[in-house]
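Let's take a walk through this one together, with an eye on the charged side chains. Have the viewer open and follow along.

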Amino acid sequence: SSNPRLKKYKHFDATKVDGEAKNKKAEDNASVFDRKSSKQKFEILGRKIKGKSGNVLKARREGFERRERTLLVEHKLSGKANAFVDLRFGELDNNLTQEEKSIGRLARARLGQLRKQRKNT
């Protein structure tokens with residue numbers, strides 16, 4: 001049942017056929033030059049080494065995704081310091097009908113005109 005041609009490829013895993021597994025395998029088998037490794041001068045027993053080797057392609061992709069989630073959102077929102085707030089009469093009160101709102105606005109507008117007339121005389 002297994003294909004003899006596929007056996008010679010060490011990186012091929014017939015059990016994982018989905019795209020995500022293929023991408024991870026491709027990352028793992030990436031070029032030697034895409035991997036970062038650091039050599040220790042002395043080996044000390046019991047010392048845990050962090051960052052001995054790393055996958056540059058994976059780190060680059062994760063960094064790009066992280067910046068897209070954070071910095072790109074900040075950049076798109078930069079320059080937008082205010083928000084529109086509707087302060088018309090009755091807009092914040094959901095109990096009023098549309099007709100009651102319009103009557104209240106008309107009354108408020110007439111009061112404003114009356115104040116202007118009083119101020120000018």
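Start with Arg108, which sits in helix α4. Leaving aside residues up to four places away in sequence, Arg108 touches Leu87 and Phe89. Arg88 is 20 residues from Arg108 in sequence, and the two C-alpha atoms are 9.9 Å apart in space.

Before going further, a word on how far to trust the picture. This is a predicted model, with an average pLDDT of 77 and 75% of the residues scoring at least 70. Helix α4 (residues 98-120), where we just began, has the highest confidence, at a mean of 90, while helix α1 (residues 4-7) has the lowest, at 53.

Now zoom out. The protein has 4 helices and 2 strands, and reading from the N terminus the order is α-α-β-β-α-α. There are 121 residues, and 7% of them count as buried. The exposed surface comes to about 12100 Å², with carbon and sulfur atoms supplying 54% of it. As for contacts between residues at least 6 apart in sequence, 10% of them join residues at least 24 apart.

Back to the charges. Side chains of opposite charge can pair when their charged atoms come close. How many salt bridges does the structure hold? The count is 4, and three of these make good stops on our tour.

The first stop is in helix α3 (residues 56-77), home to both Arg61 and Glu65, which are 4 residues apart, or about one turn of the helix. Their side chains meet in a salt bridge, with N to O at 3.8 Å. Are these two buried, exposed or in between? Arg61 has a relative accessible area of 37%, so it counts as partly exposed. Glu65 is partly exposed too, at 35%.

Next, move to Asp86 and Arg88, whose side chains form a salt bridge at 2.9 Å, N to O. Arg88 is partly exposed, with a relative accessible area of 44%, and Asp86 is also partly exposed, at 21%. Bear in mind that buried means under 20%, so the value of 21% leaves Asp86 in the partly exposed class.

The third stop is the salt bridge between Glu91 and Arg105, at 2.6 Å from N to O. This pair links distant parts of the chain: Glu91 belongs to the loop between α3 and α4, Arg105 belongs to helix α4, and they are 14 residues apart. Glu91 is partly exposed, with a relative accessible area of 26%, and Arg105 falls in that class as well, at 23% relative accessibility.

Which residues are linked in a network of salt bridges? Asp86, Arg88, Glu91 and Arg105 are, which ties the second and third stops together.

One charged residue is left to visit: Lys101, also placed in helix α4. Lys101 is buried and yet has no salt bridge. What is the nearest side chain of opposite charge? That would be Glu91, 4.3 Å away. A salt bridge needs the side-chain nitrogen within 4 Å of a carboxyl oxygen, so at 4.3 Å the Lys101 and Glu91 pair does not count as one. The two residues do touch, though: not counting residues up to four places away in sequence, Lys101 contacts Phe89, Gly90, Glu91, Asp93 and Leu96. Phe89 also turned up among the contacts of Arg108, where our walk began.

Key: Residues numbered from 1 in each chain as written. Predicted model: local features only at pLDDT ≥ 70, side-chain atom pairs only at ≥ 80, totals over all residues. Heavy atoms only, no water. Buried < 20%, exposed > 50% of the residue type's maximum accessible area, 1.4 Å probe, protein only. Contact = heavy atoms within 4.5 Å. Areas by Shrake-Rupley, 256 points an atom, 1.4 Å probe, with all protein chains shown as cover. pLDDT = per-residue confidence, 0-100. Lys, Arg positive; Asp, Glu negative; His and termini not counted.
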